[in-house]
Amino acid sequence: MNKLTLGGLALVPIILAAVLLVGLHWPAKKAMPVVLAATAALAILVWDMSTNRVIASVLQGLGITASVLWIVFGAIFLLNTLKHTGAIQVIRQGFTNVSPDRRIQAIVIAWCFGTFIEGASGFGTPAAIAAPLLVAIGFPAVAAVLMGMMIQSTPVSFGAVGTPIVIGVNKGLDTTAIEATLATQGWT
């Protein structure tokens, strides 16, 4: 197979997910197993991966997903605890008292607090915590989510207590294995 065909086949799972989720409005719990099956079939049939390696990759993905969900669960648990204990009102009042200027409030909550939350936990928690805080003090929901998502891009390399840096520095990429794989595929 030529490189263009392989590139097109690599896009099949992404396109399939988009069609099922966006086009056909399937729920993720039904669409993602279909995408997983298609991806596994492509891995075995097109890229000649062994069944053991595909199963190991799926299990590794489940493990990574569980760790990410554990962190996000903690963030949502914290937010709900703050909300139900009334602490969210105290936080809202504290942030509102910093400045009556909405721009300053957005910087303090989204930038400063969001960066702190990204560094402490990572994995999208600024959007899960900072955005509701912005909504709580009166920002429109879409603007709050946009600010929460934008703040994630700057401190993300230090997210989850520096996990991206620690993994990148300690383990890095196995360039020898990558080069060998690319050579067998004719990419070098």
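**Helix packing in an all-α predicted model**

Of the protein's 188 residues, 24% count as buried. The model is a predicted one, and its secondary structure is quickly told: 9 helices and 0 strands, so that the elements run α-α-α-α-α-α-α-α-α from the N terminus on. Among the contacts between residues at least 6 apart in sequence, 55% join residues at least 24 apart. The helix pairs below are taken in order along the chain, with a few individual residues picked out along the way.

Start with the N-terminal pair. Helix H1 (residues 3-23) packs against helix H2 (residues 28-45) at an angle of about 165°, and the two axes sit 9 Å apart. With angles over 145 degrees counted as roughly antiparallel, H1 and H2 are therefore roughly antiparallel to each other. The crossing of H1 past H2 is right-handed. On the H1 side the contact draws on Leu9, Val12, Pro13, Leu16, Ala17, Leu20 and Leu21; facing them in H2 are Ala28, Ala31, Met32, Val34, Val35, Ala38, Thr39 and Leu42. Sorted by type, the residues of this contact come out as 14 nonpolar, 1 polar and no charged.

Met32, in helix H2, gives a look at this contact from a single side chain's point of view. Its relative accessibility is 34%, so Met32 counts as partly exposed. Once neighbours within four places in sequence are set aside, Met32 is in contact with Ala17 and Leu21, both of which belong to the H1 side of the contact. Leu16 of H1 is another reference point: Met32 and Leu16 are 16 residues apart in sequence, and their C-alpha atoms are 9.4 Å apart in space.

Further along, H4 and H5 pack at an angle of about 120°, their axes 8 Å apart. That makes H4 oblique to H5. Phe95, Thr96 and Val98 of H4 make the contact with Gln105, Val108, Ile109 and Phe113 of H5. Here the tally is 5 nonpolar, 2 polar and no charged.

Two residues flesh out this part of the model. Ser99 sits in the loop between helix H4 (87-98) and H5, and its relative accessibility of 12% means that Ser99 counts as buried. Not counting residues up to four places away in sequence, Ser99 touches Ile104 and Gln105. Gln105, for its part, lies in helix H5 and counts as buried because its relative accessibility is 5%. Leaving aside neighbours within four places in sequence, the contacts of Gln105 are Phe95, Thr96, Ser99, Pro100, Ala110, Leu134, Ile137 and Phe139. Of these, Phe95 and Thr96 belong to the H4 side of the contact with H5, while Leu134 is one of the buried residues of H6.

H5 also packs against a helix further down the chain. The axes of helix H5 (residues 102-120) and helix H7 (residues 141-153) come within 9 Å and cross at roughly 50°, and H5 and H7 are therefore oblique to each other. This crossing is right-handed. H5 contributes Ala106, Ala110, Trp111, Gly114, Thr115 and Glu118, which meet Met147, Ile151 and Gln152 in H7. The residues of this contact divide into 5 nonpolar, 3 polar and 1 charged. Ala110, from the H5 side, is also among the contacts of Gln105.

Helix H6 (residues 125-136) has 12 residues and spans 16 Å from first to last C-alpha, close to the 16 Å expected at 1.5 Å a residue. Its buried residues are Thr125, Pro126, Ala127, Ile129, Ala130, Ala131, Leu133 and Leu134. Thr125 of helix H6 has a relative accessible area of 0%, so Thr125 is buried. Thr125 also provides a link across the sequence: Val72 is 53 residues away along the chain, yet the C-alpha atoms of the two are 6.2 Å apart in space. Just after H6, Gly138 takes a positive phi of about 110°.

Conventions
Residues are numbered from 1 along each chain as its sequence is written. This is a predicted model: local features need pLDDT of at least 70, side-chain atom pairs count only at pLDDT 80 or more; totals for chains, interfaces and linings use all residues. Side-chain values use heavy atoms; hydrogens and water are left out. Axes are lines fitted to C-alpha atoms, for helices over the stretch in contact, and angles run from 0 to 180 degrees between N-to-C directions. Helices (H or I, at least four residues) and strands (E, at least two) are DSSP runs, numbered from the N terminus. Angles under 35 degrees count as roughly parallel, over 145 as roughly antiparallel, 65 to 115 as roughly perpendicular and the rest as oblique. A crossing is left-handed if the near helix is turned anticlockwise from the far one by less than a right angle, and right-handed if clockwise. Contact means heavy atoms within 4.5 Å. Ala, Val, Leu, Ile, Met, Phe, Trp, Tyr, Cys and Pro count as nonpolar, Asp, Glu, Lys and Arg as charged, and the others, Gly among them, as polar. The expected span of a helix is 1.5 Å times one less than its number of residues. Buried means under 20% relative accessible area, exposed over 50%, partly exposed in between (1.4 Å probe, protein chains only).
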